[in-house]
Structure formats: C-alpha cells, structure tokens
Amino acid sequence: MILSALLGSVEALAVVDAVTLHILGTTDAFTARLQRSRRSLDGLPFWPLFPAAERDHALERLRTLAQTGEPCPASPFALLDAAGQAVHTDLTGVRLPLPGGQQTLLLTLGSCGEGAPPPSLLADVLDNLPLDVAAFDLQGRYLYVNPAAIRDPAVRAGAIGLTHREYGQWRGHPARRTATRDHHFQLAGEGAVQQWEEYFRTPGGHKIIRRALWPVTGQDGQVRLLIGYGSDVTASPEQTQRVTLLETMVNTSVDPLLVVDARPGPAYLSVVYGNPALHAFLRSHGLDQLPETPMPDWPLGEGNRRAIMDMLGRLHPTELRRDVLYLPDAHQWAEVNISPIRDDDTCVYWAINLRDVTEAYQTAEVQTQVARANRLALSGSPLHGSMAALLGGVAAAHPGWRPALVIANHAGMQQVIGTISDEFTERVEREPLATMERFWQLTDPDGQGEPLIVPDLLHADLPDPAAQAMTPHLGVRSVVQLPCTAAPVSCWAC
C-alpha cells in the first residue's frame, strides 16, 4: 500500500486525514524528532502538537492545504515533544490521494542539520529537472511525477495513485510496452536496479527514452519505494538524418527485414521492428498484421513453426549466421542472414534479413532432375527411370502437385510412371489403352493438345462414361491432364 510505503521512509513524515486532520501514521524519524511513540500519535488530531500561540495559524494553514491542494512551502513552525518542549523545524505539506479516493496530507519536518536544503528547495529541484522523474510504491502506483515526465498538469494529477499499468491503459500505451515495464518493476521491487530503452514515434520523428528504476530501501534493507527516471537519448540532428536515410533504405528494401528482441523476459523473441516487405511476407503466410506476441506463439503451420524455432535455437550471441530456411507448409525457401546487435557484452537484439530464393532452388532442382534423366537415358536405362527423374523436376517446379505419366505397355494396357496415389495407379493400370484414346477423341476431337483441367473430379461431368466411372476411385480431387499426341501417352498432375 502507498501508506505503508510512505511510513517506511527515512524522512520525518506524518500522514494526516485531509478531512478530520487526524494522524493516520508517522515515520520513525518523525517520532524520534518529537521523542514520542507512534502509538501515542496514531489516531490523534495533528493540531495539538503546535504550541497554543501558533495553533490557530497552523490549523488554518492545514485546512487551506486540505481544501485547495495547493502545496504548502516550507515554513518555520514549532512542534511540542513528549515533555511539552518546543522543537523548531520547517514544515512542508502536500495533499496526496490514496487508492480508493481518500485524501491525505503529507507533512514533512525539515532537517535539523546545518546547511540541509529545505524540502521546498528539493521540490523545486525535482519539478524543474529536465529529466523524467517519478516515485512509485511496490505495486507500481505513482506517488510523485514531475512535469518533465508528464507535461499536462491534469494528466499529471490524474496519474497519482494509478499503477503504471492503469496509467498505460488510460493513455493507450501499447501492450508490449506495458509488459516490458511489468518485467522491470518486478525485478526492481526485488532490489535490482533496472535500465532499458523505450521507442516513441512523434510528429518530429522517432524518440528514444532511456528508463531506469532504482529501489529505495529502509534501514531494515527492505525495498520501500521505487524511483524512476528517464532521459532522452535520441540522436543529434546529423545522426537523426543518417537514421532517417537508413530507415528509408530499410523500408524500401524488397527483402523482408526484422529486428528480434534477444533480452530475457516477456518480450524475448518478439519482433520489435519489421519493414513493409516483412508485412507482405507475413500476409502471404496468412498473418494480416505483425503479431505482438513472441515468435513461438505466432499462429503458423506446425511445419513452419518447427523450422523457424530450429533456426532460432542455433543462434549464437557473438556470431553472424547465414542459413537457408525451408518452410515446408508453404513449399518456400528463404536465405537468412542474422547478425547480433550488442550492448557492451550482451546481445540485446537480432537483426534478420530474409531473401526468397524459392525460384532459384526450384530451378536448380529441375536442372538436376533433367540432367539425371539425360544420364539415365544415355546409359540405356529403362524409360521408366528417366521419365521418373523428369517428373521429379516437374514436382520441384510446382510444389504441392504430384505428376505422373500414363503410357501404353506391351499388353495394350495403361502404365503409370510417377507416384500420385496407390489408388490412382491401381485403378488406371486396370483400364485398357482404348479407354484413354476414346476419352481424348471425345474431349479433343480436333487434336489441339490443350490441357484438361478438372477442379473437382467428384463433381465433374466427363464426356466418356468409362472415364466418368473411374473418377470416384482415383484417390484425388483436382487434376490437370495433358495429352501427348506423338504417342499414346498422357501426363497427369494431381
């Protein structure tokens, strides 16, 4: 709770209900200054602590603070200790809302040391620092935030008492930024100093803020508060121009480019940047938008997911990597170049460049199969072997299709070369060659040699009754059939 966090401060503080002006709690430093116990003060009205001569004036100041919320600058007052002796000090007051809406007054006693800066000076310094400064409790609630962090006074006032997550929802921050902050708040609450960078797009260009969270501990070593600050580390105009040129080059690249988060935490393996070519590449895989989730959680085909995760699992934080990624669900090859982006000795991001080399791989495979078919033919191998090699080249050029060649054998029956399905081979090879000849005479009476495309065999209306009777037993649905008129041959792709 905010109240318990405040009461764990090393400063001399008293938290007072703004309506009743009764004391809700005090810090050890406050009770030590007045030589009183917490038990003797908790629940009592605050104004009797002032000497009688100052009581009315002090009570008026407290009521004004409670009603207007205007901070009360450090003013000299005397407070009575347990023996009734006056303790002279500077008293500073601010109105502070607690979660749930309860209004309180935070009253601070000035230091009794020589030359110590009064609280009003410290407040002036914080309010006028050019750095973003904020104080949070252990639940991430704003206790204080300066104008550099939140410029709008109304928004700044509204942030007090909200958690950083609630504030982010109110202001429409991206979910990824909130998740990253959650991670750092958790570690800072455990006592670890945190630093990270956040990126913003503004009308004037991109902006980079370096964030830090510092845990503040009490005398018992337990974390009481978190102090957050941020500094603008956006590059100079010259550097910004170079970055803009680089961004233009990246955005106009025809190759998909992306930057992947390599830091441990909830954003690990999330894509923090992707160029337009990457978005087009993802759309071809059924992803209309770049997912905010880490890559292992992307809705990809199982074969593609395994291939990508296998590649990412082989990355090394100090080594460049060049690889070829095969995405089996899409029958696609991509050349991948991966470079680690380092901060000192730590790999914080991976820069990844993809290049679609599917056509090159398909062409190479076709050439390999054609060369193999030629070698088999020249070596006197049976026709079946060389034709199977050629069909392998057709399959490589048209992923997802299974080609076959139907020819006549010595018995006047049909023979299937290539593997479409066992059902297809068994049914076609039981049919005499005359069936195929009659079918093509009815389908292509002028002998034009045009292919026959049947999107759905089960609902096709073929001109030959024998061919129609075969369709439910072929084990395929879509076919492209091409007559080879120089011989009793037919080429099928299913």
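## Around Asp-323 and Val-216

Not counting neighbours within four places in sequence, Asp-323 touches Arg-314, Ala-334, Glu-335 and Val-336 (contact here means heavy atoms within 4.5 Å). This is a predicted model, where local features need pLDDT of at least 70, side-chain atom pairs count only at pLDDT 80 or more, and totals for chains, interfaces and linings use all residues. Residues are numbered from 1 along each chain as its sequence is written, and side-chain values use heavy atoms, with hydrogens and water left out.

Asp-323 also has a side-chain partner: a polar contact of 3.4 Å links it to the side chain of Arg-321 (a pair of N or O atoms within 3.5 Å, one able to donate a hydrogen and the other to accept it; residues adjacent in sequence count only if both atoms are side-chain atoms).

Here is how Asp-323 and Val-216 sit in the fold. Strands are DSSP runs of E, at least two residues, numbered from the N terminus. Buried means under 20% relative accessible area, exposed over 50%, and partly exposed in between, with a 1.4 Å probe and protein chains only.

| Residue | Strand | Relative accessible area |
|---|---|---|
| Asp-323 | β13 (residues 321–327) | 18%, buried |
| Val-216 | β9 (residues 205–217) | 32%, partly exposed |

Zooming out, buried residues account for 40% of the protein's 494 residues. Among contacts between residues at least 6 apart in sequence, 42% join residues at least 24 apart. The protein has 20 strands, plus 16 helices (DSSP runs of H or I, at least four residues).
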